[in-house]
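Trainee: I'd like to learn how to read a fold. Can we go through one together?

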Amino acid sequence: MTRKFTKENLQNIVIGLDFDGTCVSHEFPFIGKDIGAVSVLKRLIKEYNVKFILNTVRDNKYLDEAAKWCKDNDIPLYGLNINPEQKEFSESPKVHADMFIDDLSLGIPVIYPDNDITKKPHVDWREVEKLLFDNVQDINEDLKFIVNMTRRKMGM
Ligand SMILES: [Mg+2]
């Protein structure tokens, strides 16, 4: 069984977001190519009001370049390799988030490109978008279904 999400419990969550192979194709130390992340990330902001923490082993100028990519693509960052609120309850260096999107995560949908740019797998954002928007339970829809079934049974 995998973790289940509903549209309700995806609201206002904090997502730890990897960069190389996740936001862009994996071409470190360079900034990789567009792999379809931006529209899904913007949809997460618009529909679920999520906050992103860039969670990457990039540091120094490489981290700055990844943060600039986010800024240039209108993806606001709540944190850069840290959750700004977690020092209140933990001294651990592990980023605290409600969900992580990372090309190395177990179970994450990936594409194995076979082109001259890269052969390294990267996140399959079409599939991730389905997981986050199409395949989540919608409690309101379930309730509507139950109400309609009950009404039908009662002849209303
Ligand atoms: Mg990665």
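Mentor: Let's start with the sheet, keeping in mind that this is a predicted model. To read a sheet, look at the order of its strands and the sense of their pairing. Here 4 strands make an open sheet, ordered 3-2-1-4, with parallel pairing.

Trainee: Which strands are the edge strands?

Mentor: Strand 3 (77-80) and strand 4 (99-101), since each pairs on one side only. From one strand to the next, the twist averages 25°.

Trainee: How many bridges link strand 1 and strand 4?

Mentor: Strand 1 (residues 14-17) pairs with strand 4 over 3 bridges, in the parallel sense. For one of the partners, find L17: its bridge partner in strand 4 is I101.

Trainee: Which strands does helix 2 lie across?

Mentor: Helix 2, residues 60-72, lies across strand 2 (51-54) and strand 3, and runs at about 175° to strand 3.

Trainee: Now the backbone. Where is the cis peptide bond?

Mentor: Check omega for that one. The bond joining F28 and P29 is cis, with omega about 10°. P29 sits in the loop between strand 1 and helix 1 (37-48).

Trainee: And phi? What is the phi of N60?

Mentor: About 45°, so a positive phi, although N60 is not a glycine. N60 belongs to helix 2. D74, also not a glycine, has a positive phi near 60°, and its place is the loop between helix 2 and strand 3.

Trainee: Is N60 buried or exposed?

Mentor: Count the neighbours: 12 or fewer other C-beta atoms within 10 Å means exposed. N60 has 7, so N60 is exposed. D74 has 10, so D74 is exposed.

Technical notes
Residues numbered from 1 in each chain as written. Predicted model: local features only at pLDDT ≥ 70, side-chain atom pairs only at ≥ 80, totals over all residues. Pairing = 2+ DSSP bridges. Helix = DSSP H or I, 4+ residues; strand = E, 2+ residues; numbered from the N terminus. Axes fitted to C-alpha atoms, helices over the stretch in contact; angles between N-to-C directions. Contact = placed C-beta atoms within 7 Å. Buried ≥ 20, exposed ≤ 12 C-beta atoms within 10 Å, placed from the backbone.
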